[in-house]
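Trainee: Could we take a close look at just one part of this model? I'd like to start with one residue and then see how the rest fits around it.

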Amino acid sequence: MVNLLIGPKGTGKTQIMIDLANKAVKDCNGNVVFIKKSHQDTFNLSFDIRVICMDDYAKVTGADAYLGFIYGMLSANHDIEAVFIDGLLKHSGISSDHMPAFIEELKNISKNDNVDFYVSLSAEKDSLAGVDMTDCTLLN
């Protein structure tokens with residue numbers, strides 16, 4: 001399942017994502033990964049969550065490389081049950097134009113690898129009109 005949290009910057013999406021991740025790590029048997037742009041605000045995440053800061057992987061630029069990064073992460077650890085991607089549009093080279101294909105690929109990964117994705121986007125819902133919301137859940 002792909003879960004989307006969409007809204008303008010400054011509306012509390014990151015805190016919601018942190019709360020959801022902390023709950024998920026208590027409820028699942030596998031691993032939870034939280035991907036964010038920088039090292040800021042990581043202290044609120046449970047110690048049991050694997051935090052990945054994309055600033056540490058500066059060569060991962062663009063939607064295709066980002067998806068390759070996710071595939072690599074999942075191939076290295078088959079116990080990942082949930083992946084949280086906070087502020088995806090802040091990550092290097094990813095724009096709302098990439099979202100229809102990006103979300104479709106997350107849905108494929110979710111289905112094939114039994115991983116739940118939680119993605120927060122600083123955008124208006126109208127800007128994502130091209131995204132097929134089938135098999136997606138809007139969290140707000």
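Is phenylalanine 69 buried or exposed, and what is its relative accessible area?

Mentor: Phenylalanine 69 is buried, with a relative accessible area of 17%. Here "buried" means under 20%, "exposed" means over 50%, and "partly exposed" is anything in between (1.4 Å probe, protein chains only). Keep in mind that this is a predicted model: local features need pLDDT of at least 70, side-chain atom pairs count only at pLDDT 80 or more, and totals for chains, interfaces and linings use all residues. Numbering runs from 1 along each chain as its sequence is written, and side-chain values use heavy atoms, with hydrogens and water left out.

So where does your residue sit? Phenylalanine 69 belongs to helix H2, residues 63-76. Helices (H or I, at least four residues) and strands (E, at least two) are DSSP runs, numbered from the N terminus. Leaving out residues up to four places away in sequence, phenylalanine 69 touches Ile52, Met54, Tyr57 and Val60; touching, or contact, means heavy atoms within 4.5 Å. Take one of those partners, tyrosine 57: it is twelve residues from phenylalanine 69 along the chain, and their C-alpha atoms are 9.5 Å apart.

Now zoom out. Three helices and six strands make up the secondary structure, and the order along the sequence is β-α-β-β-α-β-α-β-β. Of the 140 residues, 44% count as buried, and phenylalanine 69 is a buried one. Among contacts with a separation of 6 or more, 69% are between residues 24 or more positions apart. The C-alpha trace spans about 35 × 30 × 30 Å along its principal axes. A compact globule of 140 residues would have a radius of gyration near 14 Å, and the protein has 14 Å, so the two agree. That radius is taken over C-alpha atoms, and the globule rule is 2.2 Å times the number of residues to the power 0.38.

Helix H1, residues 13-27, has a buried residue to look at too: asparagine 22 is found there, and at 17% relative accessibility it counts as buried. Beyond its neighbours within four places in sequence, asparagine 22 is in contact with Asn44, Leu45, Ser46 and Ile49. With serine 46 you can even pick out the atoms: a polar atom of the asparagine 22 side chain lies 2.7 Å from the backbone nitrogen of serine 46.

For the opposite case, go to the loops. Aspartate 126 lies between strand E5 (116-122) and strand E6 (136-138), and it is exposed, with a relative accessible area of 71%. Aspartate 126 is 24 Å from tyrosine 66, C-alpha to C-alpha, with their positions 60 residues apart in sequence. Aspartate 135 is in the loop between E5 and E6 as well, and it is exposed at 57%. Its phi is positive, about 65 degrees, although it is not a glycine. Asparagine 114, in the loop between helix H3 (99-113) and E5, also has a positive phi, about 55 degrees, without being a glycine. Asparagine 114 is exposed, with a relative accessible area of 65%.

So if you flip between the helix and the loops on screen, you'll be going from buried phenylalanine 69 to exposed aspartate 126.

Methods
Polar contact = N/O pair within 3.5 Å; in protein donor to acceptor, adjacent residues only side chain to side chain.
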